Amino acid sequence: MTFNPVDVWLHMKAQLPPLQIEGIGIKYVYPIFLGLLLLEFFNAKHLYNLRETWASFVILVGATVIRVLTNVFEITLYFFLFHLAQPLREHFLGYSSFGFAWYVWIICAIADDHNFYWHHRFSHNVRVLWAAHLPHHSAKTFNLTVSIRNGWFITLIKPIYWLWMPLLGFEPIMIATCLIINAFYQFFLHSQLVPSLPLYERVFNTPYIHTVHHSSNTEYLDRN
């Protein structure tokens, strides 16, 4: 029997339960991204290089196609691990799921940020991961288009950092939602129009201090 990845993808997609967040990117997130990009462009054209902007959108198209394909495998894997470990959680920990209480959402968001931190840190310190992350740092200008300038193959590695969450009992749909929220926040970080927020940035990353992370100054490389 010949292995057909398209058939496997379609079969896995058919097995997934209806997801309320399906299509949210195309319907809501991408239009908001585009609106903010245009707003920044018309207010700060000097921050934009048209060739680099065009390159960023080309990279975005390729990354989006790959992301659409890998998303099904990723969420399917989360559901598989969630249900695989459910009997063990019930037997040894006394619960089957963390559920959807408000405080669980906060814990999930913090856990998601923890995963993103290590994913990002290793992407700067492990050569093969840096090769996948490098396109994000290849622009000479710094504006919102940098946030959509992501390597095509980083999505093949990134989900590994999240696999412990469904095993522990976080609902897969909650994990996927936190990933979307995180992606929006990461987008927000790539603008020079947001001023310093002294109290806020003592705890959280902000565009003002994330600029350092994208600088080419030797003393700032791999910082933030």
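Student: Before we start, what counts as a salt bridge here?

Tutor: A side-chain nitrogen of Lys or Arg within 4 Å of a carboxyl oxygen of Asp or Glu. Keep in mind that this is a predicted model.

Student: OK, how many salt bridges does the structure hold?

Tutor: Just one. Glutamate 74 pairs with arginine 67, and their closest N and O atoms are 3.0 Å apart.

Student: Is glutamate 74 buried or exposed?

Tutor: Buried, with a relative accessible area of 8%. Arginine 67 comes out as partly exposed, at 26%.

Student: Let's talk about α3. How many residues does it have, and what's its reach?

Tutor: Helix α3 covers residues 50–84, which makes 35 residues. From first C-alpha to last it reaches 49 Å, close to the 51 Å expected at 1.5 Å a residue.

Student: Where does α3 bend?

Tutor: At threonine 70, by about 30°.

Student: And which residue caps its N-terminal end?

Tutor: That's asparagine 49. One of its side-chain oxygens lies 3.0 Å from the backbone nitrogen of arginine 51.

Student: Switching to pockets: how much space is in the second largest one?

Tutor: About 820 Å³. The second largest pocket is lined by 25 residues, and the closest to its centre are Asp113, Phe116, Tyr117, Gln186 and Asn205.

Student: Which elements give two or more residues to that lining?

Tutor: α5 (102–125), α8 (172–188) and α9 (207–213).

Student: Which one gives the most?

Tutor: α5, with ten residues.

Methods:
Residues numbered from 1 in each chain as written. Predicted model: local features only at pLDDT ≥ 70, side-chain atom pairs only at ≥ 80, totals over all residues. Heavy atoms only, no water. Helix = DSSP H or I, 4+ residues; strand = E, 2+ residues; numbered from the N terminus. Expected span 1.5 Å × (residues − 1). Bend = angle between axes of the 7 residues up to and from the residue. Polar contact = N/O pair within 3.5 Å; in protein donor to acceptor, adjacent residues only side chain to side chain. Buried < 20%, exposed > 50% of the residue type's maximum accessible area, 1.4 Å probe, protein only. 1 Å grid on protein atoms, 1.4 Å probe; cavity = no way out; pocket = protein on both sides within 12 Å on 5 of 7 lines; lining within 4 Å. Points joined across faces, edges and corners; volume = space filled by probe spheres on them.
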